Amino acid sequence: MKVSLSWLKAYTPVKRSAEELAEALTLVGLAVDAVVDRYRFLDTVLVGRILAVDAHPAADRLTVCQVDTGRGIIPVVCGAPNAAPDLLAPVALPGTSLPNGTVIEAGLIRGQRSEGMLCSAAELTLGADAAGIMVLKGDLPIGAALNTALVLSDPVLELDLTPNRADCLSMIGVAREAAAIQGTRLTLPRRASVSGAHDDIRRLTSVTIEAPDHCPRYVARVLEGVVVGPSPFWLQDRLLSVGLRPINNIVDVTNLVMLECGQPLHAFDLDCLAENRIVVRTAGQGEKFVTLDQKERELDSEMLMICDGTKPVAIAGVMGGLNSEIRPDTRRVLIESACFEPLSVRKTSKKLGLGTDASRRFERGVDPAGTVQAADRAAALMAEVSGGQVVGGVIDAHPRPWTPKVIELSVERTHQVLGIRVPKRKIARMLSAIGFQADSAPRKNELRITVPSFRVDVSRPEDLIEEVARLSGFDSIPTTFPRLPAGERPPAARLELRQRIKTILTGFGFTEVITYSFIHGLSCDRLMLPADDPRRRTVAVLNPLAEDQSVMRSSLVPGLLETLRFNLAQQTRRLKLFEIGKVFLQRPGADLPEEPEMIAGLWSGSRDPLSWHAKDVPCDFYDLKGAVEGLLGALNLPAIEVSQVPDAQCFYTRPGYSGRIRAASREIGLIGELHPRVRAAVDLKQTAFLFEIEIGAIEELLSETRYRMRTVKFPAVARDITLIVDRSLEARAVINEVAAMNLDLLESVQLFDVFSGGPIPSDKRSLSYRLTYRSPEKTLEDNEVNALHQLVTERLLGVFQAELPGR
């Protein structure tokens, strides 16, 4: 919202500078983003004196003027008929940007050099005269900037309003706030009066509202004998001061009144309305309509339309139609001043992708009691600027009458919420200053507040308390600190677990990311999840921001893959990412979804960062497996193992490179390489390895018991064993079998080599393990270790039908 100080002064005296007023408005909640002088462009428009005027050798209607700018004499090619020697005129230097968008440049015009432009009053928005250059009167200094010489200054405040302050999308609304801040009087435009019998209008038109839920009020006024043409300069200047382009006198009045009082209006050519009447109804499904911007739009049954006797003529609250616009030959005008349901306008505007000044106001809510006054104001101004006659009477279709809201405000409650004491009289005075009616309530320390119709955002005592706070000044509320108990409280177990996981993974070189909770509706298809997979029970977003955010995520994997794709596009090839967050699974028959918390990680690219002392080796399945085992081991989960996933159950992970993560014989997650088809579906240029674990399962397996290990006093003895086994045998099965023997002196078993190929048969492979033996009480002798090792060897050979090398 732009507010010109020259326009604002029409409603209240402005006692402060533009900067001071901007700061004061910001402190009461109307944030001012910028203060810009609308005449600042005149800094490079100078007072010049024409020294000589010569005929242009190549153009009959052009002249070449020699102009003294105070900085030197420059040639200017000019087409104005009133250019004459010794004339003072504004000259725009190269680089000047005029209000109409023209940027002045030096160059050749019909072969003659021109280093500026002699400007008319209309080109500088200083008057309506465009027939010749602007003649400056008086003894103005040559070379002075025009805004300085003529003392021109009109600061414009650019307000960034919160959605609830619809009342300040108008000059009067901002003036009301400024008057309350300064303690000045608010002067409203005089209510227009029109002559004629009160029922004259009903002989010319009628209004029927068929959708009262969408349109609680519709007001119409009619003018006859109008002459459409350019607006007078004062009206154009008002619009130009806030950045609006004048169109014609009828349309300009509707824009002026909208900016003045916040009520959007629309003017119809009454002779273009079939049967000369208005019908307010919803559109037919698939109905087509051409708006004023000459674009055909497809409507649906929820969109409210303004129609005549046979066809739509406007999209209610958004934009008018090309079939009823004001034309140069228009003679009769119907003025629409309506109150539309905000939600209806917002949905229509969003579906059509069509935002306008009108829809912006209707979406936030307009004054339901101000429609008649706005129509009267517009009718009187149109009669003034077009020479038309206002038809007597007004049509006010009002199926949902507005009733004032009355709120009981407790002074003591106000003190409790704000933390400062504001006297009852001061509260009444502040609220009265911005249009509220404050009366005494039956209870002693309360006020009965009647909310004005233009404050559609105020509906409860807390809203009034907010008004008291901002009018008192947020800076007057002292800074205090909450009282905290001296005792300590242990953190929630889930929060502590989440922090431990983050600490461990960042220690492993992973980076935490936070992705949107919304994903593409086709994400489950891209992950190739089967039809009965619980993750296909996604929760649809009713009003998605974009197509790729249409459902709530049922897995963290799509977000990580999208993050990988984005980074690869930025030429970041090595990524180690993880995310902790909730997923959302629809429960049949339940209102709310199930929200398990998950942790997912991804590793793609090189194993190690780029370095001169290491080769660039790609990461693999076992790199990520080691990180996951390190995470779960650091959390002290029991019996951690990774077992192979059957090929038929590999959906978004690659068969043969996928594993189920188990702890204490319970499946808690999945790890594997991304399936090539999934990689192609999400457009990834390189593979990735990922894991996904349910945090709830980890939490259930955590133990509160802490163990103390004794210091080792005696040396360990290591023995190696190499087994030739079936290729399909998992290496973990051998380790589990050794552990099942429960040998007291066996400290650990570790796989250190895997080999396949000649001379080993193709259906076999070689697994080499290192077994470490140690006694807590003595140094082991070789014969004791050999006996134990022989026992283990025989057990493994028998259980797995294995062979030793060389046999």
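How are helices α11 and α12 oriented to each other, roughly parallel or roughly perpendicular? In this predicted model, helix α11, residues 424-433, packs against helix α12, residues 461-472, at an angle of about 90°. Angles of 65 to 115 degrees count as roughly perpendicular, and α11 and α12 are therefore roughly perpendicular to each other. Their axes lie 10 Å apart. From α11, the residues making the contact are Ile 427, Met 430 and Leu 431, while α12 contributes Glu 467, Val 468, Leu 471 and Ser 472. By character, the residues of this contact divide into five nonpolar, one polar and one charged.

The nonpolar cores may be considered next. In soluble globular proteins, nonpolar side chains tend to be buried together. The largest nonpolar core of this model comprises 48 residues, and Leu 157 and Leu 159 have the most contacts inside it. When neighbours within four places in sequence are left aside, Leu 157 is in contact with Met 1, Lys 2, Val 3 and Leu 5, with Ala 18, Leu 21, Ala 22 and Leu 25, and with Val 32, Ala 34 and Val 35. A second core, separate from this one, has 41 residues, among them Leu 273, Val 279, Cys 307 and Met 319.

The model also contains open sheets. Strands of a sheet pair through backbone hydrogen bonds, either parallel or antiparallel. One open sheet has five strands in the order β11-β14-β17-β18-β19, and its pairing is mixed. At its edges stand β11 and β19 (319-320); each has a single partner strand, so one side of each is left without a neighbour in the sheet. Within this sheet, strand β14 (residues 278-282) and strand β17 (residues 304-307) run antiparallel and are joined by four bridges. Arg 281 stands opposite Met 305 of β17.

Another open sheet of five strands is ordered β5-β4-β3-β6-β9, with antiparallel pairing. Its edge strands, β5 (73-78) and β9 (117-118), each pair on one side only. Strands β3 (residues 45-55) and β4 (residues 63-68) are connected by six bridges. Val 53 has Cys 65 in β4 as its bridge partner.

Attention now turns to Ser 206, which is located in the loop between α4 (171-182) and β11 (207-209). Apart from residues up to four places away in sequence, Ser 206 touches Asn 276, Arg 277, Ile 278 and Ile 395. Although Ser 206 and Ala 397 are 191 residues apart along the chain, their C-alpha atoms are separated by 9.4 Å. The relative accessible area of Ser 206 is 32%, so this residue is partly exposed.

Particular backbone conformations complete the account. The peptide bond from Gly 758 to Pro 759 is cis, with omega near 5°. Pro 759 itself is placed in the loop between β36 (746-755) and β37 (764-773). Ala 664, a residue other than glycine, has a positive phi near 55°. The loop between β32 (653-663) and β33 (666-674) holds Ala 664, which counts as partly exposed at 36% relative accessibility. Gln 801 likewise has a positive phi, near 50°, and occupies the segment after α20 (782-800). Because exposed means over 50% relative accessible area, Gln 801, at 61% relative accessibility, counts as exposed.

How values were computed
Residues numbered from 1 in each chain as written. Predicted model: local features only at pLDDT ≥ 70, side-chain atom pairs only at ≥ 80, totals over all residues. Heavy atoms only, no water. Core = buried A, V, L, I, M, F, W, Y, C linked by side-chain atoms within 4.5 Å. Buried < 20%, exposed > 50% of the residue type's maximum accessible area, 1.4 Å probe, protein only. Contact = heavy atoms within 4.5 Å. Helix = DSSP H or I, 4+ residues; strand = E, 2+ residues; numbered from the N terminus. Pairing = 2+ DSSP bridges. Axes fitted to C-alpha atoms, helices over the stretch in contact; angles between N-to-C directions. Parallel < 35°, antiparallel > 145°, perpendicular 65-115°, else oblique. Nonpolar A, V, L, I, M, F, W, Y, C, P; charged D, E, K, R; others polar.
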